[in-house]
Amino acid sequence: MKADLLAVDEARRRLIGGMVPLVAAEDIALDAAVGRVLAMAVHAEADHPSFANSSMDGFAVRAADVAGAAMGKPVTLRVVGDAPAGRASPITVGPGEAIRIMTGAMVPEGADAVVPVEQTDAGDRSQWGALPDRVTVLRGEQTGANIRPRGQDIRDGDAALASGKLIGPKEAGLLAMLGYDRVSAIRKPRTAALATGDELRAAGTRPEVGAIYDSNSPMVSALLVDAGADVVRRGKVGDDAAEIRNWLDAAVEDGVDLIVSTAGVSVGSYDYVRDVLMKYGSLEGWRVNMRPGKPLAFGRYREVPFVGLPGNPVSAFVGFEVFVRPALRQLAGETGWQRRRVRARLAEAVESDGRESYLRGTLEDAADGSGPVARLAGHQGSGNLFGLSQSNALIVLAAGVQSMEEGQLVEVWPIS
Ligand code: AMP
Ligand code: MG
C-alpha cells in the first residue's frame, strides 16, 4: 500500500469513533417509531401467550380418552361445547367428552390435548358448521398435543428488547404484542447532502456542452434516507470556497448531526472541500486505499461530523456504503448493527490493482442449488451509474489481492 493512503479499516474506525451516538429520545406512536432506535429496555409484563391455547382447529379432549384411537378403531366422544377464539370456555371437559375449539382459543378446563379436525369425522368441510352432538376421533393425540402452553414464547419479567435496538417490522409486532402503542425512541440523525462542482446543473435546464446533471445529491439523499437518516438540507454549489462555506454554515445553523458532500476532495486545481474542512474545522482522514473511492476526506466542519465523498458517482456510492452507513448507525444509537454479507462463489475470474476493491456485480442463487454465485455486472468505471444500476451487489476483494479465480469464495455485499 502506498504510504500516504489510509487502510479502509483504519479510516472506518476513525470515522465511526468520531460519531457520538444521539441520546435525545421522544415518546412517539409505535408506527412512527419504525426505523428509529429504541431508547428503553422492554420487559414482558406477563406470560405470552397469557393462557394455554389451541394451535389447531379441532376438538379439545382428554388425551387418555383418545389414546387408543387408530385407523379402524375410532373413539366417539360427546361434544359438550364450543370454544371460539376470544373468550374463555365456561364448560369443563369431562371423561368421554370433547369441546370444539378454534385456533387461538383458550383450552378449556379438563382438556389436555387438541385433536385436529382433520383427524375426526368432522374433517369433512360440509360437517364443520353447526356444533355436532358427537365427534368420532380417528387418530388420537398425546398429552399436550396442539396446545401452546402459557408462557411458551416469553415469560413475565423476561427481557424482550434492549435499548439501542432498531425498531423494524418484527420489533413493531413484538412491542404491539406486549401492549405498547407508544415507545421511547431516539430521533433519526439530521443530515445534509451537498454536491459540489462547477459542471453541475439542476434538472429542468439543458446542460451546455461540458456540463452535467447533478446525480450525486439525489443519490446520496436516497442513501441517507435508506440508512435511517432525515435529510434536512440538500443542494449543490460550485467549486468555490466561499460558496461551499456559506452552504455548510447554513447546514450547521440547521443543527444537522452529519454533513455528507461529494466531489472537491481530490488533488485537482478546483478541489476546495478539503481546504475548507482544514481551515474551518478539522481533517481527520484523507485518501483511502480502496477502489473506487480513494479521494475520501472526513473530519469536522465547525464541530459537525463531515464526510467528503469522491465526486465520481460510483465512488460516492461505494464510499457511502463503506463509511457513511456504519457511521450513521453509530450516530443513530443502534447497538450491534451489522452489514449483511454473503460468501459467494465467483462465476468468473476478477482482478484488482491491490487496493481494497468493491466491484459491481450480481449475486444470485445457482440454478443447481449449490448456493450463492457472484459475477461482474455493468461497466466497472467509477463514473458509470448505469453500470452500477445493473448490479445488486458489491464484490469485495481485500487489500493486496490482485486476482481471484472462477469458483473461489468471495465476500459480497448485497446493495439496495
Ligand atoms: P471531482 O471529485 O470533483 O474531481 O469529480 C470527479 C468526477 O465526478 C468528475 O467527472 C465530476 O464531473 C463527477 N461529479 C462530481 N460531482 C458530481 C455530481 N454531483 N453528479 C454527477 N457527477 C459528478
Ligand atoms: Mg470537480
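How far apart do the C-alpha centres of domain 2 and domain 3 lie? In this predicted model, the separation is 37 Å. The legends below start from the domains and then move in on individual sheets and helices.

**View 1. The domains of the protein.** The domain assignment divides the protein into four named parts, two of them built from separate stretches of the chain. Domain 1 takes in 8-24 + 187-331, and domain 2 takes in 25-48 + 166-186. Domain 3 covers 53-148, while domain 4 covers 342-414. For orientation, 37 Å is the distance between the C-alpha centres of domain 2 and domain 3.

**View 2. An open sheet of three strands.** Here the strand order is 1-12-2, with antiparallel pairing. Strand 1 (25-29) and strand 2 (37-38) form the edges, each pairing on one side only. If you follow strand 2 across to strand 12 (residues 182-186), you will find two bridges joining these antiparallel strands. One residue pair to pick out is Leu-38 with its bridge partner in strand 12, Ala-185.

**View 3. Helix 1 against helix 8.** The axes of helix 1 (residues 8-17) and helix 8 (residues 313-331) come within 9 Å of each other and cross at roughly 30°. An angle under 35 degrees counts as roughly parallel, so helix 1 and helix 8 are roughly parallel to each other. Their crossing is right-handed. From helix 1, the contact uses Val-8, Ala-11, Arg-12, Leu-15 and Ile-16; across from them, helix 8 offers Val-322, Phe-323, Pro-326, Ala-327 and Gln-330. Sorted by class, the residues in this contact are eight nonpolar, one polar and one charged.

**View 4. An open sheet of six strands.** This sheet has mixed pairing and runs in the order 16-13-17-21-20-18. At its edges are strand 16 (230-237) and strand 18 (281-286), each paired on one side only. On average, neighbouring strands of the sheet are turned by 20° against each other, direction ignored. Within the sheet, four bridges link strand 17 (residues 258-262) and strand 21 (residues 304-309) in the parallel sense. Look there for Thr-262, which stands opposite Leu-309 in strand 21.

**View 5. Helices packed on the six-stranded sheet.** Helix 5 (residues 216-226) lies across strand 13 (190-196), strand 16, strand 17 and strand 21, and runs at about 165° to strand 16. Helix 6 (residues 241-253) also packs on the sheet, where it touches strand 13, strand 16, strand 17, strand 20 (297-301) and strand 21. The direction of helix 6 makes about 165° with that of strand 16.

Methods: Residues numbered from 1 in each chain as written. Chains lettered and ligands numbered in written order. Predicted model: local features only at pLDDT ≥ 70, side-chain atom pairs only at ≥ 80, totals over all residues. Heavy atoms only, no water. Pairing = 2+ DSSP bridges. Axes fitted to C-alpha atoms, helices over the stretch in contact; angles between N-to-C directions. Parallel < 35°, antiparallel > 145°, perpendicular 65-115°, else oblique. Left-handed = near helix turned anticlockwise from the far one by under 90°. Contact = heavy atoms within 4.5 Å. Nonpolar A, V, L, I, M, F, W, Y, C, P; charged D, E, K, R; others polar. Domains from an automatic or database assignment.
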